[in-house]
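Reader: I'm new to this one and would like a quick tour. Could you walk me through it, question by question?

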Amino acid sequence: MGLRRLDFSELKQVLDAVQCSVVSAIGNAHFDAYVLSESSLFVYPKKMIIKTCGTTQLLKSVPCLLSHADDLGLAVTRCRYTRGSFIFPKAQPFPHTSFREEVMYLEDILPAHLCFRKACIMPPTCCTSSSSSSSSSSSSKPPGHSHSWHVYSASHAPEESEESSSSSSLFTVEICMTELDRGLARGFFRRRGDGRSGDAVGSEMTAATGIGRIDKDAIVCDYAFDPCGYSMNTVHGARYSTIHVTPEEGYSYASFECVGSLHNRKDLEQSLQRVVSIFRPATISVAVSTDVDGDAADRVAARVAAALKPMGPWTGNGARVEDFPAGGTVTFQTFTHRRK
Ligand SMILES: C[S@@+](CC[C@H](N)C(=O)[O-])C[C@H]1O[C@@H](n2cnc3c(N)ncnc32)[C@H](O)[C@@H]1O
């Protein structure tokens, strides 16, 4: 059971360090999924994923997590931190005052055996010249401030037996969308004073907005905030997905993240298309993490661009690919809708 042996009070210590709390939870034989006041937490026996937003202090969870893992007799083998650009960077508390500060914080607290380390900022692809491992086309309108991708990876040396073919076919995609279609964003506001629970209204939003049709076979845990805002997690076998929506005009934002197989069009192309049609954003960034090599990562990026093509006039397409030592590959692409 590994990390799943942590009891609720121990998880609460981790979340207290971040400054968020649990609002809803589900689990299956493979993992537990928690909707948080500020996004989501997934606990697998050998992996924990925490996703937060706003002015939470996500990295402050790491010392507490390392200490709990140690108590359970578990040694950390990989740490990955990813984020977009902060919309309100000056509002961020330590250690999130800058990416440099975040990296220094992690470098200080991670154990020395995680010796393969790399930090990089992947800029919006339309605003930079091609990197050596990428292709990019120019655009007249660069995506907004929220579209640089920041990645820090620290890993120990992989052992041969760890590199199984099943893990190398898996991907994690993180999609950030801004300037959501106003009409669609209204679907994430509650009726004033409805007196109903966040879970009940969340389930209605899941059905009414089409979110429930992204993966019809998944078990959904959803929550509607008051007066607006929505979060959901799904569990489907060993795979999770998660959506978070900030629908307020002026800074509307939605994120989608899921795990899938590169061999399955449904997991990557279909999920991307369904999510984009639910929010119809003006800008999209897509970061895909895999254990494949650079050439295969380029092909993943091409699949992402091809999936968006029939969905409208997107510009600024291009991909940047970064390899992380003993930490796989990340492809990053940004797209702007020409109507906006
Ligand atoms: C979905 S929640 C948190 C998820 C976060 N936006 C993300 O991207 O991961 C954010 C939305 O819920 C609304 N909200 C209402 N009450 C909230 C609360 N107590 N905590 C966090 N968000 C709340 C916010 O105004 C915003 O529209």
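Reader: Let's start with Tyr44: is this residue buried or exposed?
Author: This is a predicted model, where local features need pLDDT of at least 70, side-chain atom pairs count only at pLDDT 80 or more, and totals for chains, interfaces and linings use all residues. Residues are numbered from 1 along each chain as its sequence is written, and side-chain values use heavy atoms, with hydrogens and water left out. Buried means under 20% relative accessible area, exposed over 50%, and partly exposed in between, with a 1.4 Å probe and protein chains only. Tyr44 has a relative accessible area of 9%, so Tyr44 is buried.

Reader: How many aromatic pairs does a search of the whole structure find?
Author: Rings of Phe, Tyr and Trp (its six-membered ring) pair if their centres lie within 6.5 Å; planes under 30 degrees apart count as stacked, over 60 as edge-to-face and the rest as tilted. Searching the whole structure that way gives 8 aromatic pairs.

Reader: What kind of pair do Phe31 and Tyr44 make?
Author: Phe31 sits in the loop between strands E1 (22-27) and E2 (32-36), and Tyr44 in the loop between E3 (39-43) and E4 (48-51), so the pair ties together parts 13 residues apart in sequence. Strands here are DSSP runs (E, at least two residues), as helices are (H or I, at least four), numbered from the N terminus. Phe31 counts as buried, at 0% relative accessibility. The ring centres are 4.5 Å apart with planes at 10°, so the pair is stacked.

Reader: And which residues form one aromatic cluster?
Author: Phe31 and Tyr44 both belong to the cluster. The full set is Phe31, Phe42, Tyr44 and Tyr240.

Reader: In the sheet with the order E1-E2-E3-E4, which strands stand at the edges?
Author: Two strands pair if DSSP finds at least two bridges between them. The sheet is open, with antiparallel pairing, and E3 and E4 pair over 4 bridges, with Val43 opposite Met48 in E4. Two strands have a single partner each, so one side of each is left without a neighbour in the sheet: E1 and E4.

Reader: What about the sheet of 3 strands: what is its order?
Author: This sheet is open too, and its pairing is antiparallel. E5 and E7 (residues 149-155) pair over 6 bridges, with Arg80 opposite Ser153 in E7. E5 (78-83) and E6 (116-122) each have a single partner strand, so they stand at the edges. The order is E5-E7-E6.

Reader: Over the face of which ring do Arg80 and Lys118 lie?
Author: A charge sits over a ring if NZ of Lys or CZ of Arg is within 6 Å of the ring centre and within 35 degrees of the ring normal. Arg80 is 5.3 Å from the ring centre, and Lys118 is at 5.1 Å. The ring for both is Phe324.

Reader: How are helices H2 and H3 oriented to each other?
Author: Axes are lines fitted to C-alpha atoms, for helices over the stretch in contact, and angles run from 0 to 180 degrees between N-to-C directions. H2 (residues 61-71) and H3 pack at about 20°, with their axes 10 Å apart. Angles under 35 degrees count as roughly parallel, over 145 as roughly antiparallel, 65 to 115 as roughly perpendicular and the rest as oblique. H2 and H3 are therefore roughly parallel.
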